Amino acid sequence: MTPEDLVELEEIKRLKYRYARFLDQKDWDGVAGCFAEDATAAYGGKTGKLEGRDAIMAFLRGALEPTTRITTHAMGHPEIELTGPQSATGTWSLHDEVIDTKLGFVVRGASVYADEYVKTDGGWRLKHTGYKRIYEELSKRPDNTRLTASWWETGGKSQLVP
Amino acid sequence: MTPEDLVELEEIKRLKYRYARFLDQKDWDGVAGCFAEDATAAYGGKTGKLEGRDAIMAFLRGALEPTTRITTHAMGHPEIELTGPQSATGTWSLHDEVIDTKLGFVVRGASVYADEYVKTDGGWRLKHTGYKRIYEELSKRPDNTRLTASWWETGGKSQLVP
Amino acid sequence: MTPEDLVELEEIKRLKYRYARFLDQKDWDGVAGCFAEDATAAYGGKTGKLEGRDAIMAFLRGALEPTTRITTHAMGHPEIELTGPQSATGTWSLHDEVIDTKLGFVVRGASVYADEYVKTDGGWRLKHTGYKRIYEELSKRPDNTRLTASWWETGGKSQLVP
């Protein structure tokens, strides 16, 4: 590994961070821009793959579009290998939560990603993303819990800060 | 981006990590040392700004000083841009929790930071920090939950480890 | 700090990430490979130390081996100092959870690590690891919570994804 390699690694990490930020802000054009056009994805430890950016985006929007379904995706533990001048693989940890304030459920879990990246004229893109879960659990949202801020309902402002 | 730029990025990341560490350890002098004297802050998605290090510290100590009000601030997803030899901007994710063991409440949330940094003779400092929330929720602390370690009450020692 | 130093820092970070990955996958040979043979450890803010890789592994396997005791360890906020050509120290944040699905309890906490690293012929290894807790709490696992994926029981596959 050379200092020049670290520049590529930093760019790949930022791609992953941008992907998470756009996903949790429900900025779907932003999310789409993180994928190569022929990207594949295997969420939730599935053996089958979503084929192509359009199929991936249809899946993500179908699962996560309502603003009453809040998500956070915390990406950590990057272990990235450059496998060629325009290709790389990456292992990451994921801690995620889906809080559905309308249906009253919460899903929490932790996973291990196995990604592939491709360097295009526009920079690094996701060529493949997928993860297997360490665990995932589904809970009823506790009764005595109150939403005090939301990117959409309060414009990101906390009702607890005067 | 050059390898030399990465050295600056690493220093800025460490500033942010040190800030979080001092904040959660309630080391107020340490926190103060992370800010430029004329720093500004906008916590909780507020449109108004705290002006100057002294105003920021008064706010933080007023909100977080009791050791029965435990906080954690997990900083992730750094996307940092050098905008000049002595200036930079940064986007980060935040996952934070406030556990008040005396009043019996918990606040949890996730946010997106938009920071500005300045390089001083003493190194990089926070010039501006602020975030908007993806979500925040306030809960009653569950009855069947017991504190088994605290930085202050047990000197950081777990009562669960023999 | 030089760009060449950053290569060493990246290798040390990856050691820590690999350690967390192996630990949460219960890959005990993988975990053992992260430690120097004469490594020491002080988990849970203990003042006494575990002496040697074998003692550390016996402790970890004794505490965490059952696959009904799911753990996640999220390492963040690396502040690493190279102290010589083959030695380094590191401060990290830890957010961890232990979910025992059989005994019905959950432990959650946050900590600050103080590590030491040594560079061997096979790369960087943990020379000492230890942490003090910001907080730790023990809860009954909520009744209306259902495990929908596990690395061991479902092969990492979510039962929520069709």
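Which residue of strand 7 of chain C does A:Ser139 stand opposite? That partner is C:Thr145. Keep in mind that this is a predicted model. The briefing below looks at how chains A and C relate to each other and what makes up the contact they share.

**How the copies are related**
- Turn chain A by 120 degrees, with 0.0 Å of shift along the axis, and it lands on chain C with an RMSD of 0.0 Å.
- That is how copies around a three-fold axis are related.
- The two chains bring different surfaces to the contact: just 11% of the contact residues of chain A turn up again in chain C.
- Within chain A, the residue that comes closest to the rotation axis is A:Pro3, whose C-alpha sits at 3.2 Å.

**Who supplies the contact**
- Chain A puts in 27 residues and chain C puts in 32 residues.
- On the chain A side, helix 1 (3-24) gives at least two residues, and so does each of strand 3 (69-84), strand 4 (87-100), strand 5 (105-120) and strand 6 (123-140).
- Strand 6 of chain A makes the largest contribution to that side, with nine residues.
- By residue type, the side of chain A that touches chain C splits into 11 nonpolar, nine polar and seven charged residues.

**Strand pairing across the chains**
- Strand 6 of chain A also pairs with a strand of the other chain: five bridges join it to strand 7 (residues 145-150) of chain C.
- These two strands run antiparallel.
- Back to the opening pair: A:Ser139 faces C:Thr145, which lies in strand 7 of chain C.

Notes
Residues numbered from 1 in each chain as written. Chains lettered and ligands numbered in written order. Predicted model: local features only at pLDDT ≥ 70, side-chain atom pairs only at ≥ 80, totals over all residues. Least-squares fit on C-alpha atoms with pLDDT ≥ 70 in both. Contact = placed C-beta atoms within 7 Å. Helix = DSSP H or I, 4+ residues; strand = E, 2+ residues; numbered from the N terminus. Nonpolar A, V, L, I, M, F, W, Y, C, P; charged D, E, K, R; others polar. Pairing = 2+ DSSP bridges.
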